[in-house]
Amino acid sequence: MKKIVYIILPLLALVSCRGFEDNPYEETLCCFTVEAAYPDGFLSREGVTVKIEDINLGNAYTSATDASGVAQFSVPTGLYRVNVSDRNGSDIFNGAADRVQLKSDMRLQISLKHSKAGTIVIKEIYCGGCKKLPEEGTYQSDQYVILHNNDVDVQYLDGLCFGTLHPYNATGSNPWISKDPATGETVYPDYLPIAQAVWQFPGSGSSFPLQSGEDAVICLRGAIDHSAQYPLSVNLNKEGYFVCYNSTYFTNTSYHPAPGNNIAADHILDVVIKTGQANAYTFSMNSPAAVVFRAKGMTMQEFVQKEGSIVQTPGDTHNPVTAIPVDWTVDAVEVFNGASATNTKRLSPSLDAGYVALSETYLGHTLMRKVDEELSLSSGFEVLVDTNNSSEDFYETEKQSLHE
């Protein structure tokens, strides 16, 4: 696992980078100034955390903004990932810059995007598989995602959609992003390139209520008891669980066996549209970007029939994507491959300013959202941390939450 060193630099936001006369490494350090630019109508805030990470070495540094929204670092030259995250009540501000080349003293302005805390959030992503112990080999047909109602009001799953972004892996070539030559910031499209399939919860509008603090499990492959044969896996044949299953579009029964006897017929998600040629639903094992979304102003079925809703993938004539408007997003989580330094962001800062890294596959590890203990106590139900920044919101655990 890549070792990350966090160095807290609280004084750097208060002094000039020139205040290092006694530093024997002064000649190798650069003054890196980061300015957090808030959207119109919002004032800069003091004490906001700015994090920079040396992509190649893995070293991470944090500093806090001054009253004008500026934070300063004295760091070596290198290739950096910059992240700014702030929350004020229900207002969330996030900004990021990827692969910033620091060669000398530099000032970088990060435009913060405004968003609101979510109602339904992704609580857990289990994607990496496990060992087949006591047998030889590895197993990957037990992937699942858990959704959570993080709001004081009941939320309905009916019509909610789920998908994963192209490219499937954070280390894959990303044809959807570019660089602004003036600012150096990453430019994202105004849509989400959803790969392979749009899955949707059935229901008439109020068929599947999710109470405050309640969870909904989505089995991405087999809704069966995987642990019966492989003890390190999980039992996904449970009453109330949902499953991505469609034997017409995804015919590979190794990955998509018929749902178990405890899975109700109305808990099988619908395929609104399938793009691409795969016979099994592909969800990255080491670095998916998972998205939950809901159509606005029309049904999802109407949307996919509209011109421009299906977009050809640059350089790939066989696997088009569904272009979902960004503002339809309910929640999104970026996962990086923790074993690689070549990850590239796919989600814009307004959706997820950071990422959570999965250190290794086939270990049964899972990615969990943190619990806000104080807010949970005052609210009377489990409230999860939600800053739209997975670097702050998520962590890796050594065992799936559904493991018995």
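Which backbone oxygen does the side chain of Arg369 reach? The legends below take that up, in a predicted model.

**View 1. Arg369 and the backbone oxygen of Ile122.** Here's the reply to the opening question: the side chain of Arg369 reaches the backbone oxygen of Ile122, at 2.8 Å. Look for Arg369 in strand S29. Is Arg369 buried or exposed? Its relative accessible area is 3%, and under 20% means buried, so Arg369 counts as buried. There's plenty around it, too: leaving aside neighbours within four places in sequence, Arg369 is in contact with Val121, Ile122 and Lys123, and also with Asp331, Val333, Leu384, Val385, Asp386, Asp393, Phe394 and Tyr395.

**View 2. The largest nonpolar core.** This core has 32 residues. The members that touch the most other members are Ile122, Ile125, Leu147, Leu157, Phe162, Trp199 and Phe283. Strand S10, residues 120-126, gives the largest share of this core, with three residues. Somewhere else in the model sits a second, separate core of 22 residues, and Ala36, Val82, Phe93 and Ala97 are among them.

**View 3. Phe283 and what it touches.** Zoom in on Phe283 and skip residues up to four places away in sequence. What does Phe283 touch then? Its partners are Ile125, Cys127, Gln143, Val145, Phe162, Thr164, Leu220, Arg221, Pro288 and Ala290. You've met Ile125 and Phe162 already, in the list of core residues that touch the most other members.

**View 4. The hairpin of strands S25 and S26.** Strand S25 covers residues 310-313 and strand S26 covers residues 316-325. They pair in the antiparallel sense, over three bridges. To find one of the partners, start at Ile310 and go across to Thr322 in S26. Two residues lie between the strands, and Gly315 in the turn has a positive phi of about 80°.

**View 5. Two cis peptide bonds.** Most peptide bonds are trans, so a cis one is worth a look. One cis bond joins Leu133 and Pro134, with omega about 10°. Pro134 sits in the loop between strand S11 (130-131) and strand S12 (138-139). Another cis bond runs from His166 to Pro167, with omega near 0°. Where is Pro167? It lies in the loop between strand S15 (161-164) and strand S16 (178-179).

**View 6. Positive phi at Arg99 and Tyr362.** Most residues other than glycine have a negative phi. Arg99 has a positive one, near 55°. You'll find Arg99 in strand S7, residues 91-102. Arg99 is partly exposed, with a relative accessible area of 31%. Tyr362 has a positive phi too, near 65°. Tyr362 belongs to the loop between strand S28 (356-358) and strand S29 (366-369).

**View 7. The largest cavity.** How many cavities of 30 Å³ or more are there? The count comes to four. The largest has a volume of about 130 Å³. Its lining is made of 16 residues, and the closest to the centre are Arg81, Asn83, Ala353, Gly354 and Tyr355. Two or more lining residues come from each of these elements: strand S3 (49-54), strand S6 (78-88), S7 and helix H3 (390-393). That S7 is the strand that holds Arg99 in the previous view.

Methods:
Residues numbered from 1 in each chain as written. Predicted model: local features only at pLDDT ≥ 70, side-chain atom pairs only at ≥ 80, totals over all residues. Heavy atoms only, no water. Core = buried A, V, L, I, M, F, W, Y, C linked by side-chain atoms within 4.5 Å. Buried < 20%, exposed > 50% of the residue type's maximum accessible area, 1.4 Å probe, protein only. Helix = DSSP H or I, 4+ residues; strand = E, 2+ residues; numbered from the N terminus. Contact = heavy atoms within 4.5 Å. Pairing = 2+ DSSP bridges. Polar contact = N/O pair within 3.5 Å; in protein donor to acceptor, adjacent residues only side chain to side chain. 1 Å grid on protein atoms, 1.4 Å probe; cavity = no way out; pocket = protein on both sides within 12 Å on 5 of 7 lines; lining within 4 Å. Points joined across faces, edges and corners; volume = space filled by probe spheres on them.
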